[in-house]
Amino acid sequence: MQRVSFRPFIIFALIAAVVVTAGVVLYWRQVNILLERDVKTHIADAGREAAADFDRLVQTDRDILNTSAILIEDSYPWKEGQLPEMLARLDQRDHFNLMGVALDNGSVVYAGPSVVPLSKEAVADVLTHTAKSDFYINVFPPTSKYKTHIMVQAVALDPNDATPVGALFSVQKEIYYREVLALSSMGADGHAIIVNRSGDVVLAYEQLPAKNIFSILQRYTLDANMTMDGLRRSLAAGDTVLVGYYTPDNLHNFLQFVPLSVNGWYMVSAIPANYVEAQATQVAKLSLILFGIVFFVFYLLLFFIFRVRDDSNRQLFATAFVDPLTGADNFNRMCEQFASKLSGLNRQAALVIFDINKFKVINDLHGYERGNEVLKSVAQVLQTELQPEESFCRLSADNFILLLKYEDRRSFLKRLKALATQLKRNCTVAESCLVLDVAFGIYEITEDVPFYIMLDRAHLALEHAKTRTFDKCEFYDEADRNRIVAEQQIENSMEAALASREFEIYLQPKCDFVTGEILGAESLVRWNHDGRVVRPDEFIPLFERNGFILQLDMFIMEEAARLLSTWQANGLPVVPLAVNFSRLHLNDARFIPQMRRIMAQYNVPNKLLEAEITESVIFNNLERAQEVISGLHLYGFPVAMDDFGSGYSSLNVLKELKFDSIKLDKEFLSGFEENPRAQKVIEGAINMIKTLGVKVVTEGVETREQADFLRKCGADLAQGYFFSRPVTVSTFEQLLQKRTLL
Ligand code: C2E
Ligand code: MG
Ligand code: MG
């Protein structure tokens, strides 16, 4: 049984897996691109927001400082102690960590006595810058006084709107900017720093590896679209820039540079790579799970489809290639596999057909069930007896075809005999005395002809084998084929031959022993074919097989009737003519009506036409023969039994059937001259027949001695070469004119 493989499924699954993987990779890349784009926008927003927040904070501080400065300026010139008091009041708002006024003379007045003072440098810086611009802002690194960065902001005090007399300044500690620098919207790790246009870090959220942003970036690889110089130029120009870079461990990070409103500073927002990664992983994970589920369902479906297909293939295979009764291969399978099996045997093989003789009897006697059991066990025996490279199938009912290894004729026949013995031993119906008998037709594969021709040849050999009594094994013989070809040619031309009157009636006289007077004649057909006169033995058996004899006999009969009518018309002596009728007419209902019609057509009395029916036919169909003979008698046709003594003559036939004459076969007479017993048998037979009132005609009388003996025995009429061979109609008519042959 052929296994339907899962290979297509596996191949398909692999292809699907590759396609899906490619799809996932593409999808993954696309997701990353989108995420990156998304992240960039996100950073840009966050950076802008942080910058705006910072600007807002600074603006607020600046406003407060300006308002406070106006108040302070209003009281100018300040009295002793007035400045500290005003500052203390203003400072009560608790907005700054420290407020103070730096005066031109270098002295500094603070809001209260407990505050930590600014460094001298810072105060100098404040005074220098406020003298030139409206607003001062700067960040100072931690000192021993201030443990953190501080932001100092200041505005000039210029009560006379001429030359400033000092500056009002404030201090904010680092904590105040934390919220702005911590980019909470970017996750826990998002943060920002403030740098100036040269990249120097002004304010950072945490300790950085270097004090300049360019030095920091030098450790990393910038994205292809950005260079250090390019960045420098952008910063110098005050542009907003987004810079991407890769860390040494290949993480992609971004920096967003947004200019601030003061000091040409920049807010630099940094976004850690893992923020992108985390989001991408999250999306990818979800997608993969989704893909997984989809593919699981898809593969499940695919598997299911293949299973269903596999099952139906199996069923189809069984229907198409398995013999349902025995489970063995059927003919289709044999055809399909034949070529490969044959080459598997290196063409050293023989095709064998075997047939169980009288299998029908098994069915009839024991029923189909038992018959089927026998066939199954035959298949089992073949299964065990055949070698793996050989094969067999059940062709039809009790016919099996085998393809066997072939070495030489002797060993092959020996093997088949052994097989027959095995079959006899194993496949006999239990409690039955019927022994399985098989016939083998063998075609040794010598030619490269199509399978069906080999099969025909084996069949032909089988037909032969069946006719044997023992050892029913027969090899195909080329002569058989030639015969078949010749027969085929005859079949092809017979209809045309009949139409073109190639068939001719010959007549052989039946005469009186003593006088030689012609008392009748037998019509014998001859075929004038291809320039030669063909004898009936060469075509009658074939015509009996293909049924053409029915037409031919009627043609000869019509010829006989036509002759009789011409003789009548021409005043020639008229003798009865005998016509041979094949056994096939016995079962043809048109037989007698046709004869009557023809006789009536030629206006000849029926008694002038004698029907010769062969003995063996009568013996096989006694009842039917009886009916036909009675029918013929009813219309006055005389009937002769032909070839009596040639086969298994039965006296029963004589007892049952009323013949007008009996023709002793030439075989029955052969060699009687030297055999006194035979002479007695012949004499006895003739006497017995005559006592029934039946005429005896002897066929094949070739010598005077034979003629004399038969005459003495009391035979009525003689037919044979001694008197005349079968002759053409014109010759016969001449003989008839003479009336006598002796
Ligand atoms: P049959 O009916 O027994 O015909 C007698 C055969 O013996 C004829 O052979 C005839 O030529 C042959 N014969 C006659 N005398 C002698 C003799 O002295 N010695 C020998 N050796 N043979 C002799 P034929 O014509 O070859 O016919 C053979 C058989 O063919 C006939 O045997 C008959 O059975 C059959 N047949 C002939 N014509 C027809 C026909 O038209 N229809 C049918 N159905 N069968 C026919
Ligand atoms: Mg005859
Ligand atoms: Mg005969």
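**Two bridged magnesium ions and the ligand 1 pocket**

At a relative accessibility of 1%, Glu612 is buried. In this predicted model, Glu612 donates through OE to the magnesium ion (ligand 2). The other protein donors of this ion are Glu522 (OE), Asn580 (OD1) and Asp642 (OD). Donor distances run from 2.0 to 2.2 Å. Along the chain, the donors of ligand 2 follow the spacing E-x57-N-x31-E-x29-D. Two of them link distant parts of the chain. Asn580 belongs to strand S20 (residues 577-581), and Glu612 to strand S21 (residues 609-614). These two residues are 32 residues apart. Their exposure can be set side by side. Asn580 has a relative accessibility of 23% and therefore counts as partly exposed, whereas Glu612, at 1%, counts as buried. The cut-off for buried is under 20% relative accessible area.

Asp642 also serves a second metal. This residue bridges the magnesium ion (ligand 2) and the magnesium ion (ligand 3). The two ions lie 4.0 Å apart. Ligand 3 is coordinated by Asp642 (OD), Asp643 (OD) and Glu699, the last of which is listed twice through OE. The distances here are 2.0 to 2.4 Å. The donor residues of ligand 3 show the sequence spacing D-D-x55-E. Asp642 lies in strand S22 (residues 639-644). Glu699 lies in the loop between strand S24 (695-698) and helix H21 (704-713). The pair therefore ties together parts that are 57 residues apart in sequence. Both Asp642 and Glu699 are buried.

Ligand 1 was examined next. The space that ligand 1 takes is the largest pocket. The molecule is surrounded by 25 residues. The closest are Glu522, Asp553, Asp642, Glu702 and Tyr721. Two of these names recur from the metal sites: Glu522 and Asp642 are donors of the magnesium ion (ligand 2). Strand S18 (518-529), helix H14 (549-570) and strand S22 each supply at least two residues of the shell. The largest share, four residues, comes from S18.

Polar side-chain atoms approach ligand 1 at several points. A polar side-chain atom of Arg535 lies 3.0 Å from an oxygen atom of the ligand. Acidic residues face nitrogen atoms. For Asp553, a polar side-chain atom is 2.7 Å from a nitrogen atom of ligand 1. For Glu702, a side-chain N or O atom lies 2.4 Å from a nitrogen atom of ligand 1. Taken alone, ligand 1 exposes 780 Å². The protein buries 88% of that area.

Two further residues were placed by their secondary structure and by C-alpha distances. Asp229 is found in helix H6 (residues 228-237). Its relative accessible area is 47%, so Asp229 is partly exposed. Asp229 and Phe214 are 15 residues apart in sequence. Their C-alpha atoms are 9.7 Å apart in space. Gln737 lies in helix H22 (residues 729-738). At 53% relative accessibility, Gln737 counts as exposed, because the cut-off for that class is over 50%. Gln737 and Leu572 are 165 residues apart along the chain. A distance of 7.4 Å separates their C-alpha atoms.

Note on methods: Residues are numbered from 1 along each chain as its sequence is written. Chains are lettered from A and ligands numbered from 1 in the order in which they are written. This is a predicted model: local features need pLDDT of at least 70, side-chain atom pairs count only at pLDDT 80 or more; totals for chains, interfaces and linings use all residues. Side-chain values use heavy atoms; hydrogens and water are left out. Donors are N, O and S atoms within 2.8 Å of the metal (3.2 Å for Na, K and Ca); water is not among the atoms, so sites may look incomplete. Buried means under 20% relative accessible area, exposed over 50%, partly exposed in between (1.4 Å probe, protein chains only). A residue is near a molecule or strand if one of its heavy atoms lies within 4 Å of it. A polar contact is a pair of N or O atoms within 3.5 Å; within protein, one must be able to donate a hydrogen and the other to accept it, and residues adjacent in sequence count only if both atoms are side-chain atoms. Accessible areas come from the Shrake-Rupley method with a 1.4 Å probe; for residues, only the protein chains shown count as cover. On a 1 Å grid over the protein atoms alone, a cavity is a set of points where a 1.4 Å probe fits but cannot get out, and a pocket is an open set with protein on both sides within 12 Å along at least five of seven lines; lining residues have an atom within 4 Å of a point. A molecule sits in a cavity or pocket if more than half of its atoms lie within 2 Å of its grid points.
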